[in-house]
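Subject: Structure for your review

Hello,

Here is the structure I said I would pass on. My notes follow it.

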Amino acid sequence: MASVLTVNTASAPIDLGELRTGIDKRPSAEPMEVRAPGPRKDGLGSGVIGDSICNRRYHGGDDQAVYAYAREDLDHWATELDRELTNGMFGENLTTAGVDVTGTLVGERWAVGSDGLVLEVTSPRTPCRTFTTWLGIRGWMKTFTAAALPGAYFRVVSPGTVRAGDAIEIVSRPDHAVSVGVVFRALMSEPELLPELTVADALPEKIKRQVAKRVR
């Protein structure tokens, strides 16, 4: 059964050299409230109340309200990198089990737990300098891109509360085949795939503009 293993938040930012970041997310023992945070630049940041978002230029906002990563993919990386990777270490809010997060379809909706929370898949995570600095792995952006296991961002359709152990139910899927993995590859390494994304109405506007430019 698909479920939430842990809900992870950064209760306070950390400094990585000159970078200030909320990537250091730790599992919470308490239920966490989730709601739509509003616009990226002048909204509330994360969709998870109490979580820290620092660089509003690239992170947070309605289309990146919640980030999920599969424990199965963390285990893959733990083997590849020969190091322990704890839940939340990739900066994810939800560490999941039993669901292929990268294989989710853009616009797919999840009901999480029993308190009314509904999330909608929007896009993949793309690697950045902060992610590389945090893990301390030379060439990490290239390695992460080649593996194409990005995890997924979600917008909040209906607010609610999430806690460790909550069931994940896929309540709807769009009638296209554009997965988070396909979007990631189109954006990062295979731009010839960009025209295939036109059918994914739930994509963030920024990505839609990129697709439209390619189609023209």
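Which residue of β10 stands opposite L119? The residue is V156. Please keep in mind throughout that this is a predicted model.

The sheet

L119 and V156 belong to an open sheet of eight strands, which has mixed pairing and the order β4-β1-β7-β6-β10-β9-β8-β12. Its edges are β4 (26-27) and β12 (168-172), each of which pairs on one side only. As background, the strands of a sheet pair through backbone hydrogen bonds, in either a parallel or an antiparallel sense.

Starting from the β4 edge, strand β1 (residues 3-9) pairs with β4 in the antiparallel sense, over two bridges. In this pair, T9 stands opposite R26 of β4. Strand β1 also runs antiparallel to β7, to which four bridges join it. Here V7 is the residue opposite L94 in β7.

Strand β7 (94-97) is also joined to β6 (residues 66-70), by three bridges, and these two strands run parallel. L94 appears again in this pairing, as the bridge partner of A68. L94 therefore has V7 opposite it in the pairing of β1 with β7, and it is bridged to A68 as well. As for the side chains of β7, L94 and T96 point one way and T95 and A97 the other, and all of them are buried.

Further along the sheet order, β9 and β10 run antiparallel and are joined by six bridges; the L119 and V156 positions raised above face each other here. Strand β9 (residues 117-124) has eight of its eight residues buried, so the rest of the structure largely encloses it. Strand β8 (residues 109-112) pairs with β9 over four bridges, again in the antiparallel sense, and R109 stands opposite E120 of β9. The hairpin of β8 and β9 has four residues between the strands, and G113 in this hairpin takes a positive phi near 70 degrees.

Positive phi outside glycine

Two residues other than glycine also deserve a look for their backbone angles. D82 has a positive phi near 55 degrees. D82 is in the loop between α1 (71-81) and β7 (94-97). A148 has a positive phi too, of about 55 degrees, and it is not a glycine either. The loop that holds A148 runs between α3 (140-147) and β10 (152-158).

Is each of these two loop residues buried or exposed? D82 is exposed, because its relative accessible area is 71%, and the cut-off for exposed is over 50%. A148 is buried, because its relative accessible area is 19%, and the cut-off for buried is under 20%.

A surface patch

K41, R57, K206 and R209 form a positive surface patch. Of these, R209 lies in helix α5 (residues 205-215). R209 counts as exposed because its relative accessibility is 55%.

When you open the model, I suggest looking at L94 with its partners V7 and A68, then at the enclosed strand β9, and then at the loops that hold D82 and A148.

Regards

Notes
Residues numbered from 1 in each chain as written. Predicted model: local features only at pLDDT ≥ 70, side-chain atom pairs only at ≥ 80, totals over all residues. Heavy atoms only, no water. Patch = residues over 30% accessible without salt bridge, like charges linked within 9 Å, V, L, I, M, F, W, Y side chains within 5 Å. Areas by Shrake-Rupley, 256 points an atom, 1.4 Å probe, with all protein chains shown as cover. Salt bridge = Lys/Arg side-chain N within 4 Å of Asp/Glu carboxyl O. Lys, Arg positive; Asp, Glu negative; His and termini not counted. Charge placed at Lys NZ, Arg CZ, Asp CG, Glu CD. Buried < 20%, exposed > 50% of the residue type's maximum accessible area, 1.4 Å probe, protein only. Pairing = 2+ DSSP bridges.
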